[in-house]
Amino acid sequence: MSWTIARPVLDDLDEMGRVHVRVWQEAYAGLLPAEYLAALDPASGPRRWRERLGSSPAVSWWLARDEAGIVGLATSGPGRDDDAPVPLELYAINVLARAHGTGLAADLVGHAIGDRPAYLWVLDGNARAIAFYAKLGFTDEGGRKPEPETGVTEIRMARGHLAPWSPSHISPVSPIS
């Protein structure tokens with residue numbers, strides 16, 4: 001499989017919306033309620049994105065195309081959490097199932113955040129995504145929150161952050177004689 005990665009333009013938004021919904025329906029089946037996934041509207045993303053695309057140079061948008069069209073997308077920018085472990089957040093990485101295992105997701109992450117310290121949110125139980133992020137150096141840093149629409153728990157993973165302080169990090173010290 002070969003692809004090209006580029007910045008999206010306004011004309012890409014409708015197709016990006018369809019891909020975004022399809023990715024969620026493929027990736028989150030069994031993790032999010034089936035009725036929620038079935039009701040996702042491919043037009044809702046593009047409505048929000050029209051206002052955001054190009055509105056801030058700090059937000060990075062990327063899409064990947066293969067011979068059949070858009071196959072993946074990624075976006076990143078300033079962390080949105082008050083207690084962000086690092087300043088950069090990977091907001092989304094969406095890749096259609098037909099491109100899993102090809103290296104496309106890692107290529108998109110490379111465009112979106114490079115090798116910089118960053119964090120992201122992943123659904124608890126999404127073993128495939130958690131393993132993928134771990135290969136890129138992300139670890140569970142302890143943050144938890146409910147996914148806004150369904151209440152399903154999300155796990156915060158980060159790389160390049162300092163581990164939270166804990167007494168277990170202290171090595172025993174021998175007394176000086």
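This is a short walk through strand β7 and the salt bridges of the structure. The model is predicted.

Start at strand β7, residues 153-159. Of its 7 residues, 6 are buried, so the rest of the structure largely encloses this strand. Which strands pair with β7? One is β5, residues 118-123. β5 and β7 run antiparallel and share 6 bridges. To find this pairing in the model, look for Ala-118, whose bridge partner in β7 is Arg-159. The other is β6, residues 139-146. β6 also pairs with β7 in the antiparallel sense, over 5 bridges. Here Arg-144 is a useful marker, with Ile-155 as its bridge partner in β7.

β6 and β7 also form a hairpin. Between the two strands lie 6 residues. In the turn, Gly-151 has a positive phi of about 85 degrees.

Now turn to charge. Side chains of opposite charge can pair when their charged atoms come close. Across the whole structure, a search finds 10 salt bridges. Three of them follow, beginning with one that involves β7.

Arg-156 forms a salt bridge with Asp-83. Their closest N and O atoms are 2.9 Å apart. What does this pair tie together? Arg-156 sits in strand β7, while Asp-83 sits in the loop between β3 (69-78) and β4 (88-95), so the contact links parts that are 73 residues apart in sequence. The salt bridge does not stand alone: Asp-81, Asp-83, Glu-141 and Arg-156 are joined into one network by salt bridges that share partners. Is Arg-156 buried or exposed? Its relative accessible area is 4%, and buried means under 20%, so Arg-156 counts as buried.

Asp-12 and Arg-65 make another salt bridge. Here the closest N and O atoms are 2.3 Å apart. Asp-12 belongs to the loop between β1 (4-6) and α1 (13-27), and Arg-65 to strand β2 (residues 60-66), so this pair connects parts that are 53 residues apart in sequence. The two partners differ in burial. Asp-12 is buried, at a relative accessible area of 9%. Arg-65 is partly exposed, at 30%.

The last pair is Arg-47 with Asp-41. Their closest N and O atoms are 3.4 Å apart. Asp-41 is partly exposed, with a relative accessible area of 35%.

Note on methods. Residues are numbered from 1 along each chain as its sequence is written. This is a predicted model: local features need pLDDT of at least 70, side-chain atom pairs count only at pLDDT 80 or more; totals for chains, interfaces and linings use all residues. Side-chain values use heavy atoms; hydrogens and water are left out. Buried means under 20% relative accessible area, exposed over 50%, partly exposed in between (1.4 Å probe, protein chains only). Helices (H or I, at least four residues) and strands (E, at least two) are DSSP runs, numbered from the N terminus. Two strands pair if DSSP finds at least two bridges between them. A salt bridge is a side-chain nitrogen of Lys or Arg within 4 Å of a carboxyl oxygen of Asp or Glu.
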